[in-house]
Amino acid sequence: MTHLLQIENLSVDLVVHRRYRKVLQDVSITVEKAEVVSLVGESGSGKSMTARSVLSLLPAQGKMSGGIAFDGQSLIGASYKEWQKFRATKAAMIFQDPRASINPVHRIGDFLTEALVHNRGMDRHEALERAATLLEQVGIDDATRRLRQYPHELSGGMLQRVMIASVLLIEPQLILADEPTTALDVTTQADVIAVLDDLRAQRDMAMLFITHDLELAAAFSDRIAVMYAGFIVEVSTPAQLHARPLHPYTAALLHSRPMLHERTARLPQISGRPLSAFEAPPGCPFQDRCPYVQPRCSESMPQPLLIAGSIVRCHRASELELVSTVGAGGGQTHG
Amino acid sequence: MSLLTNLTNREDHHLLRKVHDRIGTGGMVAGGFMLFLIVAATLAPLISPMSPNAIDLLNVSSGSTWLHPLGTDNLGRDVLSRLLWGARPSLLGPTLVIGVATIIAVPLAALAGWSGGVIDQIVSRFLDLVFAFPGILLAILAVTLYGPGLYPCSMALALSYMPWIARVTRSEILRERNKPYIKALEVQGLSGFAICVRHLIPNVSATIWSQVTISFGYALIDLAALSFLGLNILPPGSDWGVMTNNENAILQGDLNQVLYPCLLIILSVTSVTYVGKRLSDENTRLLK
Amino acid sequence: MGDAVHSAETDHVRRLNGPAVEVAGLRKVFRVSGGVGGRRHRDFVAVEGASFSLEQGHSLGIVGESGSGKTTIARMLVGIDTASGGSIRVAGRDRSTPAKSTSERRRRGSEMQIVFQDPYTSLDPRQSINRCINEVLKLHRTMTENERRQRIIELLDQVGLTEHQGLVLPKNLSGGQRQRVAIARALAAEPAVLVLDEAVSALDVSIQAQIINLLNDIRERTNMAYIFISHNLAVVRQVTDQTLVLRKGVVVEQGDTEKILDAPENDYTKLLLASVPEPGWKPRRVRADAALSRESEI
């Protein structure tokens, strides 16, 4: 069976301060047709870089190894032209800050129709009509007026919807969304997520959704991949992840977020700070912060294990009984 | 903690290595060249083979010889000696210009940027006013009042360069003063003067530096031009600008007399600008 | 490092007779230039009639979305912005008008301090951590060189940093560590009230938990009052005991944090709560009654 997107053993090195540094290590993940997969992690975990690799949007001098295949066809070694074609027709990206991704001196209408008019030779009026329909679909009322406005006249939430509409214009099979709602207010975030959710249902679109918010990922996706220091440490369904996290990092992450519905006497915290791939010690990157660390953790990075339908990379995954929540006042405090 | 040990290890590097880390090989070459020029200018009385005005009538407009490594000009004066002596006003002049301009510009910019409101308006309009006068024009004015010479020319140019430095510094200070760390110090109750002197100005120094070095280059060229016009250094005194003004040599096709001073002007302007740019880039990078 | 806060810290916060903060009818109007050349002006009301009071040792959350005026309130409290109307009293002293002298500003600084959101721009990049805190100590307290050095180590320890970390420049510290320094710098003035303006919002989840615990520890030990500004309701529950919900500059609901988060009365508060993703959350449902937010966006 072919996956819509298949990333296999992807490793990426980037030049930072004139030196090559690891940002992704041995990342493998698949996205099926009409599936939403979330990549969740803290800063430096490599979640954004994974999405960028899929579109070959790495910074200059980036080194990439491993496999990326779309619909069964390998993208590795594709020419610049082929990549461009791939990005223009098959997959598209939504970024965190819509204001930085939309040219401020062009009207919304020009921004939306540019690709259609120039790349596909569509008639301008026809293109504007298409754009208006799409704006209505992403929840923007009074679309014809919006098309004549400039980006600064629209709120952040509106602009992000315009971004989504612009992505829909090319009717991609896969959307890569890099923290698309992080810069938005919660109520607007809910609204934008609802738009994305509807579109996925109506159009069978697959999505690779990048976020630091575990709850958001859980509410919205079919599968969640938790990343740490350039590795995917656990892949699971939202329900499974919350009921029984398998990796100590996932469990710790779930514990340390404050709860909306009850006050915890003291949040169980993970000592230290999240590491980037290049800072991580040999072996498991989480070893220094892990309460269950053993000598073998510093010897080798555990290979992916399949446990109860989830994939986990931890030497002790099969013996640990981790839980996702700790009752008020209870729980271990590491530190 | 590995970051910390890295940091302390780096302090142990040899000085040259540290300089190289900051300005690169190109910067080392450019900086070395400037250093060489400064040392040569300082030691001119000791190292120049002849007096810059000694006339060797037997060797007029000669090419390179053992006696005159860079040849002589059409009056038979040793070109190498004249270049060495000429380096003194040629380098001192722009230093004076930019030094004075910076000393006036930075406090003015800090005052305007920090106070804002009416004071900013007044200072900015004043800067606009000074902007309206071209430097060369101010220099001609100064020369008509005080007679030709390095000091009137330098002071006039200093005045005209001041707004360039002040304007860039002011806009940088306006940007910097809204950063949270400055706001935090304001909330602490630190005086405006202390915030400016201890925090604001040091943190915009990269910008000041790059503006200063670029202006240094321009000032060097301006002063040379003034000498060329006979307003700055007057013959028989000499700087590189005076040396380029030798129509006899040019008419006779004897270009190397004019070539050497031109080359020095171009090289020193390029070097100073390059080192300045590298330094300010590094400065920004190191603190990130 | 970690949560080790073990210094036998004495209670540095002075005892007050009245409330730590009293705000009545606070109002802020910005003049926005509009039209070609900015000749025409219109007034934009950022905060309208906010009133609250905060007892010593208590923590007040100010909650709202962008443009709600929550940060404007913080800026007026600490004197970065001047209030257009209403009164502010901190530690029993009026600060509704700008400070007239440097000594007056310094005194206000010793009464109320602030920690900002972005740890990367909150510290002078050229100043080592020790020098940063030393500067504040010199400003507010008469101490010998030695006493100051001792106090710096004490303060660093209080926020979970080592002596060694005091020697480095901010760029050598992570975001979470920098935020600890910003807190230590604020504590150095020994204020009665600490304003935390989205102070944990820019941090990673695992670091956020550390800083929240640290803030709760400090409040418990020093009896300091907090004004905690945040858009994150779960964090607000963890740090505050009273909450004020702002919408477009107007207070729509205020009271005990528990009550507001468990049984909100105002529709907007309900919408805010419903918008927070959690297990079983369906964005569609929120969207159905999102008319409120839609309108606020245009």
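Q: What makes strand β4 (residues 85–90) of chain C and strand β5 (residues 93–94) of chain C a pair?
A: Two strands pair if DSSP finds at least two bridges between them. In this predicted model, β4(C) and β5(C) are joined in the antiparallel sense over two bridges, so the definition is met. Both are strands in the sense of DSSP runs (E, at least two residues; helices are H or I, at least four), numbered from the N terminus.

Q: Which residue of β5(C) is the bridge partner of Val90(C), and which residue takes a positive phi in the hairpin?
A: Val90(C) has Arg93(C) as its bridge partner. The hairpin has two residues between its strands, and Ala91(C) takes a positive phi near 50°.

Q: How are the residues and chains labelled, and which parts of the model count?
A: Residues are numbered from 1 along each chain as its sequence is written, while chains are lettered from A and ligands numbered from 1 in the order in which they are written. Local features need pLDDT of at least 70 and side-chain atom pairs count only at pLDDT 80 or more, whereas totals for chains, interfaces and linings use all residues.

Q: Why is the set of 249 residues called a nonpolar core?
A: The name applies to buried Ala, Val, Leu, Ile, Met, Phe, Trp, Tyr and Cys residues joined through C-beta atoms within 7 Å. Buried means that 20 or more other C-beta atoms, placed from the backbone, lie within 10 Å of a residue's own (exposed: 12 or fewer; partly exposed: in between). In the largest such core, of 249 residues, those touching the most other members include Leu208(A), Tyr161(B) and Val193(C). Helix α4 (residues 79–115) of chain B gives the largest share, 17 residues.

Q: How do you know that this core lies between domain 1 and domain 2 of chain C?
A: Both domain 1 (56–80 + 98–256) and domain 2 (266–298) of chain C give residues to the core, so it lies between them. The bounds come from an automatic or database domain assignment.

Q: What makes Val97(B) a contact of Tyr161(B)?
A: Contact requires C-beta atoms, placed from the backbone, within 7 Å. Leaving aside neighbours within four places in sequence, Tyr161(B) is in contact with residues including Val97(B), Ile98(B) and Ala101(B).

Q: How many residues of chain C are in contact with chain B, and which element supplies the largest share?
A: On chain C, 26 residues are in contact with 19 residues of chain B. The largest share of that side, five residues, comes from α2(C).

Note on methods:
Contact = placed C-beta atoms within 7 Å.
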